[in-house]
Amino acid sequence: MRRGRGVREERGSAGEGPARQGGEAVALSAHGPHTTEPAGYWRSLNELADTPAFREFVAAEFPGLEEELTRGANRRSFLGLMAASLAMAGLASCRWPRELILPYANRPEGTIPGVADRFATAMELLGEGVGLVVTSVDGRPIKVDGNPLHVASLGAATSWAQALVLELYDPDRSTTPLRRDGGQAVAANWDDFDAFAAPHFKRLAESQGAGLAVLGERTSSPTVAAVRQRFAQRFPRASWTVWEPLSRDNERLGARVAFGQPVRAHPQLARADVIVSLDADILGFHPAALAHARAFAARRRAEDRTMNRLLVAESGLSLTGAAADHRVALPPRDLERLVLAVAVELARRGVFLPFPVPGDPAVGERGRRFAALAARELAMARGRGVLLAGPRLAPEVHALVHAINSALGNIGTTVTFTAEPEEERDGPEGLARLASELADGAVETLVILGGNPVYDAPADLAFGERLARCPTTIHLSLYDDETSARCRWHLPRAHTLESWGDVRAWDGTVSIVQPLIAPLYNGRTAAELLARLAGEGGSAHDLVRRTFQEGATEREWEGAWRRALADGFVAGTALPTVRPALDAGRVADAVAALAASPVAGGLAAVFLPDASVLDGRFANNAWLQEVPDPITKLTWDNAALLAPATATRLGVRDGDVVRLSVAGRDLEVAVFALPGMAEDTVGLPLGYGRRRAGKVGTGVGFDTYQLRTLAGFHTASGVSVAKTRRRYPLASTQDHHAIDTIGFAERARRLGELVREGTLATYLADEEFARSRDEHGTKMLPLWQEVRLTGEHQWAMAIDLSACIGCGACQVACQAENNIPVVGKKQVARGREMHWIRVDRYFAGPPEDPRVVFQPVTCQHCENAPCESVCPVAATVHSEEGLNQMVYNRCVGTRYCSNNCPFKVRRFNFFNYAKQLKPVEKMKFNPEVTVRGRGVMEKCTFCVQRIEAARIAARNERRPLRDGEIVPACAQTCPTQAIVFGDLNDPGSRVAALHRHPRSYGMLEELLLKPRNRYLARLRNPAPEGEGA
Amino acid sequence: MSSVPFPLDNTAEDPRRRAPLVLGEQDFTTVTDTVCEIVERRTPPRAWTVAIGVSAGLTLVLFAMLGYLFTTGIGVWGNNIPVAWAFDITNFVFWVGIGHAGTLISAILFLFRQKWRTAINRFAEGMTIFAVICAGLFPLVHVGRPWLAYWLFPVPNQMQMWPQFRSPLLWDVFAVSTYFTVSLLFWYVGMIPDLATLRDRATGTVRQVVYGILALGWRGSGRHWHRFEKAYMLLAALATPLVLSVHSVVSFDFAVSKLPGWHTTIFPPYFVAGAIFGGFAMVLTLLIPVRAILHLEHLITLRHLENMAKIVLATGMMVGYAYAMEFFIAWYGGNPVEGFTFLNRAFGPYGWSYWLMVTCNVVAPQVFWFKRARTTPWAILVVALLVNVGMWFERFVIIVTSLARDFLPSSWGSFVPTPVDLLTLAGSFGLFLTLFLLFLRFGPMIAMAEVKSVMPQGGLELGPHRGHGQYWGEIPHQHEGQHEEEP
């Protein structure tokens, strides 16, 4: 547990917090708030003119004119001053530039220049925290990983978390407060804002906050909660609204319906033998997705000869659906009532349900079969199964799900409950109320703390226009975005990696967010701003410590604080488990309401969170834009996802632009036919089509929020599709073009060899089923004596396809670790994406009900590497330890190696991608990895820099390398630990065991490549008779 | 036969007597005058001026494109992963192939005593040189870092690193550079007597000096002729294996790799046949207009054209056989991946290019079964142009379709050329034609001395074993000695 140790090592210094990190950051950010402003740095001409230094300078440079030049401003003197300034600017350039980066006169304790430090921190996303460990080199955070000690991370990190680094160094982030008067943005500074805010809010305080409204993002931060309380004391009449476009309100409402009290459900997947998910993407989009994925995958490896079974019903195709053993794609109208069908089937099987069972609901033949299968599985696994519902389904569905789990005895075993710490609703109703208040002119001052409601509010609220009616609007955000453009004040927000804060994980565990660097652009955190508005001031650091101190149980809270910083969480803060009692009466009402709900026909739209940009907040993040969607493999775009049959019926194909209309609102959007989509359903990923996202994200994709209304918030029925004649290029990293018939047939034929799959039953009958294919196939014999590799270690990797859920976090991890460039949509469309590890996604079976398989592919480090023998300049060679090495310096770029690579894992620098980077963007680079210039080939190195770092550490400590000590970036972040790396020469290593594993096989072994990466065949666990889906 | 009136038809086969290879009322003087007049006339023919204007313009386009490439990166082309080679290597193999006809005509036909080569060998050799220049350009510029392309040569260096000798690309470097060197020498050595003729006829000082230097002091003495003939034959013997080896080595780029569609043992003979096929087509493409514009019908006769058409037919069928055999082996070999590659070639997304290739290379030359087609210059020109297109597409099909779909379907891709790709290809034609046109104007485009040896006045018709190009025939006492040494 090197990482864990690393975290603890920092205990002492991390606690120093701002002092030390700020000290480093001064060197890097010339205009940071903590920087002592050097004399001669001026903010405005007036200020400059008033300084004695300036007077002296003018006197020296323009003897006799100093009076004229430094006198107060009139037009002539202003112009004269301008001219003098320009002249002096020229003179100044003749001098030695002022050096702001100072060497350490005394090395700070615990810091070795060039040696990476790791700090535990946390990030908040949609109100839920995930513990992180951030690697920092000489004051620059360069890599975000999961915190192995944190309950919601377990060492893994999502793509979003890992891309924080790129967001931090985004040159498009706003750098200064802006004041907009009549649409004209004027750069201001914090002093200007404070000068405006102090009297303004004082006046508001006098009226007890009448006319003041706050619109916030969902947050679980105890500090924000505390400051908010104090804010409410100063402004008791102020209103507070929480808004999240990806609201989980239905879950909260459903729990309240079922139990009569706010509780939060926690599926315990480790204990579940049967998981039935109704539109719940527990592996992809859930606050505890990382922990779920770990627990889920642990039960998929069949090492104990059992596996869990996952049944999924959904409208789109989610990661959870892709991992399912049985899956049915149902349009939203059927999906909503599927829970009733499950209840009916359960009742038929003699399960006593605490509510009156309705008559057979119409869910279609496929839905009925699925319900029967799900009911059978759940009934057979009482107390060992779990039924889950997703946040798009109505609260009544959630209530029913809780009731069914309760009836099956699952509560307390496979699903546990805690109190709901933030019961506040964040759905569209609150925003609608605020919008109507805005429309009425009841709001005089609106403070928007984060979020981007002008972009992501339901379209029928016309939030942007209503916002403009509010005389004083203040928007705190990372970017000068759509909402900022409509507000009087835009204030730059401090980035997670530059702020102090705190957050609760899904299970309630509190983490302290500590900064890795002083704010690059003078940003403030939401708590800081709020505290200032509440009239108390204080830095974010002080606020967080105050909250911590107030909540501390120990007297020695300083020690606890340091421990919390070092560990990345506050021990013992998880929410206590509760055992709520079912409110049968309300559940019965819910059943009746659900059964009576009208059935909408026609095409329905489903609004989906996007795997890359989430709800649009990450639109300007190039890593996330370029990482392909796990399912569609689209980059730099969203599209209207249609089932192939529906697309055929509508007469459209991939890339056709169609006009979608819902309730009088139109949107032109490109079509993408996705196998596994429900029929008569349009999947609309949210978060694209941003108008003011920044240079990266503006104008990328289609703004599907334009079709989202209060009535059709999660799903909208009555969608009409009109063809246009236009086509739109979509850039995907796989299946770059629609495939022809022979290609389709061949792909299907090869799939079974490349991605080997079996069921648990096949595996139990023949453990070596994955290899038996090789024994009957073509065998090649070596023509000459093979080279013996004599290194002390023989590095190898094993990837368990049974565990891989295809999330693509490894791709972002690799991108961050190995300084992999982003190439943009046009280059991706040309087939020039640079990812060293890719996750191949294949569909098998009928397009309406496909099996989805994922296969991460890195360089296989073949012992008989075909790339090596064809390089004319010996730029790619084999190490004695079995690594296929790429020597960038030697590469001339013939690209022959790529042609001869059967896995096509080599990537070529077609352009000088690092050339366009701004200085601030270059701060993200990992100094341990070369930034490649144009014209050279590159590929996966098995993170050789980490191998060497571990080797040096072991050598210094005079001990052998330990198994598990070297973890490549992809393996480190993998939520399911599907990737294992190690030494084959160590027979006890995990990788050696996996290479010997009966499920292991090498891809394209018939070519005699002897790949060092072996796959473990994927296992599924379908229900024995295959009854149902 | 020398009295056959115009039109000059010498294609009739009469087994009793040899068909004449120089027609009309020609003697040594008229031959010299005809050939030298092209160089010596004050103004070139209008067609030449127009042609060089166009080709020089295209050459500038080539340099502009290369400049853009060097400053920006390989990304200006359409190449990608998986199709990491596309137009670049297609052009390379195409131009190397073109070169082969020249050497074949000069060296192999020389050794096989094919008298008719004399009128076209110089021309074809020149074409070889220029085609190899175009060919050699592409491997150098296609690398990602062209400023380091010299690392492909075994130059002693401070890194103490040799190139990697197992790589077929390195073999290419040796094969092509050897080929270029030998071809250049062969061409130049053969030209010395004619350069001396130009020198002797030159009136201006510049010409006298330049041709004088190039003629290396040739005085036409018996000793000179003796040494010259020895050297020429040695070079012919050296060049002959190169005809076979160069394109075999070029084919190793593909045959040695693992890629289905490339990994096949048929490639060396298949490539050599294709190269000769394409090369002859290019000779015909250039020769027919030149012959008409410069009025050389009496030196480059219909019989020459017909002979070449026959070779095009023969090699075209060899190429067709190779196409069929590739498919047969893909099926017979039982390797499913290879099987798919060929299925994909014919019926996949690039199927159109495959059928274009088959039409141009296999179907079009079949008209040469008809004598009328073989003896109609414009018909030959049309077929030759089609073959040029077909041979370019042959390389495109081999390279691009194989790369576009290899082992893992996830990595299948496609290639779409950019304007830079197309302009670079056009520019390489510009460079080739510019060099060629300059040679027409400033060099002896027909080997005068050799043509004279096949004229009746040359007296070589008299001896029993004398073939064309056996220069020793003119020096009786030496001829006897040489003759005895002949195996």
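**Strands, helices and a contact in a predicted two-chain model**

Me: What is the bridge partner of His475(A) in β16(A)?
Reply: In this predicted model, His475(A) is bridged to His490(A), which lies in β16(A).

Me: What makes strands β15 and β16 of chain A a pair, and in which sense do they run?
Reply: Two strands count as paired when at least two bridges are found between them, and β15 (residues 472-477) and β16 (residues 489-492) of chain A are joined by 4 bridges. The requirement is therefore met, and the sense of the pairing is parallel.

Me: In which order do the strands of the open sheet of 7 strands in chain A lie, and what makes β5 and β7 its edge strands?
Reply: The order is β5-β4-β16-β15-β14-β6-β7 in chain A, and the pairing is mixed. As for the edges, β5 (184-187) and β7 (239-242) of chain A each pair on one side only. When direction is ignored, neighbouring strands of this sheet are turned against each other by 15° on average.

Me: Which helices pack on this sheet, and which strands do they touch?
Reply: One of them is α18 (residues 428-440) of chain A, which touches β6 (212-216) and β7 of chain A and whose direction makes about 135° with that of β7(A). Another is α22 (residues 526-533) of chain A, which touches β14 (445-449), β15 and β16 of chain A, with its direction at about 155° to that of β14(A).

Me: What joins β13 to β19 in chain A?
Reply: Strand β13 (residues 415-419) of chain A is joined to β19(A) by 2 bridges, and the two run antiparallel; since two bridges are the least that a pair needs, these strands just qualify as a pair. Within this pairing, Thr418(A) stands opposite Thr577(A) in β19(A). Both strands belong to an open sheet of 3 strands, ordered β8-β13-β19 in chain A.

Me: How do you know what span helix α13 of chain B should have, and what is the distance between its end C-alpha atoms?
Reply: Helix α13 (residues 377-404) of chain B has 28 residues, so at 1.5 Å a residue it should span 40 Å, and the 39 Å between its end C-alpha atoms agrees with this. There is nevertheless a kink of about 25° in α13(B), centred on Phe396(B).

Me: Where does α5(B) bend, and which proline follows?
Reply: The bend, of about 50°, is at Ile192(B), and Pro193(B) follows within four residues. From its first C-alpha to its last, helix α5 (residues 168-201) of chain B, with 34 residues, reaches 48 Å, which is close to the expected 50 Å.

Me: How many residues does each chain give to the contact between chains A and B?
Reply: Chain A gives 44 residues and chain B gives 45. On the side of chain A that touches chain B, the largest share, 6 residues, comes from α28(A), and the residues of that side divide into 18 nonpolar, 14 polar and 12 charged.

Me: Where in chain B is confidence lowest, and where is it highest?
Reply: Helix α16 (residues 476-485) of chain B has the lowest confidence, with a mean of 44, whereas helix α2 (residues 46-72) of chain B has the highest, at 94. Over residues 463-487 of chain B the pLDDT stays under 50. Where pLDDT is low, the predicted coordinates should not be read in detail. Chain B averages a pLDDT of 85, and 91% of the residues score at least 70.

Notes. Residues numbered from 1 in each chain as written. Chains lettered and ligands numbered in written order. Predicted model: local features only at pLDDT ≥ 70, side-chain atom pairs only at ≥ 80, totals over all residues. Contact = placed C-beta atoms within 7 Å. Nonpolar A, V, L, I, M, F, W, Y, C, P; charged D, E, K, R; others polar. pLDDT = per-residue confidence, 0-100. Axes fitted to C-alpha atoms, helices over the stretch in contact; angles between N-to-C directions. Expected span 1.5 Å × (residues − 1). Bend = angle between axes of the 7 residues up to and from the residue.
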